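Reader: Got a minute to walk me through this one? I'd like to go through the strands and helices bit by bit.

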Amino acid sequence: MVLQNLTLLFPLESSEVNLDLIGELLLNYGALSVSFEDAEKGTDSEQPLFREPPPGAVEWDSSQVEGQVFWNSVTVKALFPSEAGVEAIMLAIGSDLELPIEPRFIVESLKDEDWVKKVQSTFKPIAFKKIYITFPWRTEPIDPAMIPVILEPGSAFGTGEHPTTRLCIRWLEEVLTERSEEKLLDYGSGSGILSIIARKLGCPEVAGVEIDQDAIEIAKKNVDTNDAADGSIQFYLPSERIPDSYYSLTVANILALPLIQLAPTIASKTASGGRLALSGVLARQAEEVSRAYAEAGFEMHQALLEGGWVLLTGRKRR
């Protein structure tokens, strides 16, 4: 499929325009995707923004997010099919927004490619101390001393590339051994990557909890791919009852606000003396998240730091 990549030539001042509306209009007029970028990206004026939806939110809604949502100056890009009349679309959007002049833009044709293969080529194997993460389409030989984990990421979070996932994997490699009798609760299991790694590192029973049913289906396929479909790994929606009452290991790789909200729930499922690892937490959020879990009954520590993200660890007080 030949695609057209549209870029608005002038950066939009987020205080002067409704960027959510512009994105919605582009999609309504046939855009396949819309992205917003910091117009100062790559310069000294680039703004790092890490904004999260409120606890319990399923869909993104910028009106629910406190503080600054977009950068001060924003570049808008949209991807259209080849047959779309982009010039007419931009005239219509200019009219809808009552702009005094026609929006200036450029359109680039993207050559026809096998986009699936192109995306797959961006996923590279990742080697940890013991674990080697790879993908079904990769053909590199695997060191027999490593423990292979084969992932089909799909739309679920968790391929080992993001610092938050890597921090959790490093923790699991440290706390689990082949003779481990620990039972693990994986809260926010995503692709199932941490559940599968825990099982391969010797954890006899794993329960994954995930809010997204589609992610659970992807996780189940990954369990099958890794020859772990012996019933030792089970996945649940938060509304479902988890059979075992207490877990000696709990890992949760989500985001700071949901982690804070989930502190009583996670504490209630972690055994006395059980160990805890929390990820998805920025360094500036660590104190607040640690406080929530200390109040829920854990002795908390900041264990690891990578790329501005921290891994918080703790032990449930007896």
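Reader: Let's jump right in. Which residue of S13 does Tyr247 stand opposite?

Author: Tyr247 stands opposite Thr270 in S13. Bear in mind that this is a predicted model.

Reader: OK, and how do S12 and S13 pair, parallel or antiparallel?

Author: Parallel: S12 (residues 247-253) and S13 (residues 270-282) are joined that way over 6 bridges.

Reader: What packs on the sheet there?

Author: That's helix H7, residues 256-269. H7 touches S9, S12, S13, S14 and S15, and its direction makes about 170° with that of S13.

Reader: Let me zoom out. What's the strand order in the sheet?

Author: The order is S11-S10-S9-S12-S13-S15-S14, so to speak a list of 7 strands in an open sheet with mixed pairing.

Reader: Which ones are the edge strands?

Author: S11 (233-236) and S14 (298-306), each of which pairs on one side only. As for twist, the average is 15° from one strand to the next.

Reader: Now S9. Is that strand largely enclosed or not, and why?

Author: S9 covers residues 183-187, and 4 of its 5 residues are buried, meaning under 20% relative accessible area. So S9 is largely enclosed by the rest of the structure.

Reader: Which strands does S9 pair with, and over how many bridges?

Author: S10 (residues 205-209) runs parallel to S9, with 5 bridges between them. S12 pairs with S9 in the parallel sense too, over 4 bridges.

Reader: Give me some residues to click on. What stands opposite Leu185 in S10, and what stands opposite Leu184 in S12?

Author: Leu185 has Ala207 of S10 across from it, while Leu184 faces Leu249 of S12.

Reader: Which helix makes a β-α-β unit with S9 and S10?

Author: Helix H5, residues 193-200. The unit made by S9, H5 and S10 is right-handed.

Reader: Switching to helix packing: at what angle do the axes of H4 and H5 cross?

Author: At roughly 15°, with the axes coming within 10 Å; H4 is residues 163-175. Angles under 35 degrees count as roughly parallel, so that label fits H4 and H5.

Reader: Which hand does the crossing have, and which residues make the contact?

Author: The crossing of H4 and H5 is right-handed. On the H4 side the contact comes from Thr165, Cys168, Ile169 and Leu172, and on the H5 side from Ile193, Leu194, Ile197 and Ala198.

Reader: Great, I'll go and click through those.

Notes:
Residues numbered from 1 in each chain as written. Predicted model: local features only at pLDDT ≥ 70, side-chain atom pairs only at ≥ 80, totals over all residues. Heavy atoms only, no water. Buried < 20%, exposed > 50% of the residue type's maximum accessible area, 1.4 Å probe, protein only. Helix = DSSP H or I, 4+ residues; strand = E, 2+ residues; numbered from the N terminus. Pairing = 2+ DSSP bridges. Right-handed = clockwise from strand over helix to strand, strands pointing away. Axes fitted to C-alpha atoms, helices over the stretch in contact; angles between N-to-C directions. Parallel < 35°, antiparallel > 145°, perpendicular 65-115°, else oblique. Left-handed = near helix turned anticlockwise from the far one by under 90°. Contact = heavy atoms within 4.5 Å.
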